[in-house]
Amino acid sequence: MDTMKTGSNIRERSMTANGIRLRVLECGTTEKPPLLLLHGLYDRAECWQPVVTALSERFRLIMPDLRGHYRSEWPDNGYALRDYAADAVGVLDALEITQADVLGHSLGALVALELAVHAPERVLRVVLEDPPSQRDEHTRTWLGALLSAKRCTEQQTYIALHGIHPGRSEEELRRETEWLRATADGPFLALIEMCGMDDAGFAATLQPLSHRILLLQADPEHGAALVPADARAAMSAQSGCRLVQYHDTGHTIHRERPDEFVSAVLEFLTES
């Protein structure tokens, strides 16, 4: 899947943000309120395809490829969360957007949270889709396996991904093989390094925020990255936080349950 197949409403541009070149897709008229969509690790702007049409009826969607991903620039370094967040600010600046709602999935959710913490005036509301809440040895091992897989031949990458995600369909595995190989090493190396750092905890990061926050949690039995205990702690720590749980659903809620995903997001972002 190389292009967003939603008709002529998709606009593609290349822009300089925070000193690097980023590819950005847009959908929806500029008169609509902006919604910045931040994808996960080894994804790209096209990952939002299942929900673009519905979301763009209400919002101007801004969908960058994160640095080190697909057609955005692959710098040798600068893959900390603060770098991604600075890129997001640069995108908003380039588009002359003062403030936007922000929706992030997985790595993108961590970036959205970083953006809300360090540039709170640029963020209106925050949607965090199954954010990884643990930086443990299991996460480090998983990231290392993906990094090793992407450095192999295409067929070896496919075989490795089949071992990592044995329940995925042939179509999904072929797509993941292509997208994983179209990602720089830097994002993986930076996240592996984060696993060795002291972490105050997911809930503690949310606690000082004054923004309204929507947490979307996948099913722990189907590979959720947001640990149930962390979700409960976040609800207790942050009075503006709302939680929606998706049973029998894996990590990519927007792909697996697009209608229910859109319903929850629109209800949250459009209520007064």
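One cavity of 30 Å³ or more is counted in this predicted model. A cavity is a set of points, on a 1 Å grid over the protein atoms alone, where a 1.4 Å probe fits but cannot get out; lining residues have an atom within 4 Å of a point. Grid points are joined across faces, edges and corners, and a volume is the space filled by probe spheres set on the points. The largest cavity has a volume of about 60 Å³.

Its lining includes L22, L36, L38, P64 and Y84. The elements that give two or more residues to this lining are β3 (34-38) and α2 (81-94). The largest share, four residues, comes from α2. Helices (H or I, at least four residues) and strands (E, at least two) are DSSP runs, numbered from the N terminus. The table sorts the lining by class.

| Class | Lining residues of the largest cavity |
|---|---|
| Nonpolar (Ala, Val, Leu, Ile, Met, Phe, Trp, Tyr, Cys, Pro) | eight residues |
| Charged (Asp, Glu, Lys, Arg) | three residues |
| Polar (the others, Gly among them) | no residues |

T183 sits in the loop between α6 (170-181) and α7 (186-194). T183 counts as buried (under 20% relative accessible area, 1.4 Å probe, protein chains only) because its relative accessibility is 0%. Leaving out residues up to four places away in sequence, T183 touches Y42, G68, H69, W74, K150 and F188, a contact being heavy atoms within 4.5 Å. W74 is 109 residues from T183 in sequence, yet the C-alpha to C-alpha distance is 8.2 Å.

Residues are numbered from 1 along each chain as its sequence is written. Local features need pLDDT of at least 70, side-chain atom pairs count only at pLDDT 80 or more, totals for chains, interfaces and linings use all residues, and side-chain values use heavy atoms, with hydrogens and water left out.

How values were computed:
On a 1 Å grid over the protein atoms alone, a cavity is a set of points where a 1.4 Å probe fits but cannot get out, and a pocket is an open set with protein on both sides within 12 Å along at least five of seven lines; lining residues have an atom within 4 Å of a point. Buried means under 20% relative accessible area, exposed over 50%, partly exposed in between (1.4 Å probe, protein chains only).
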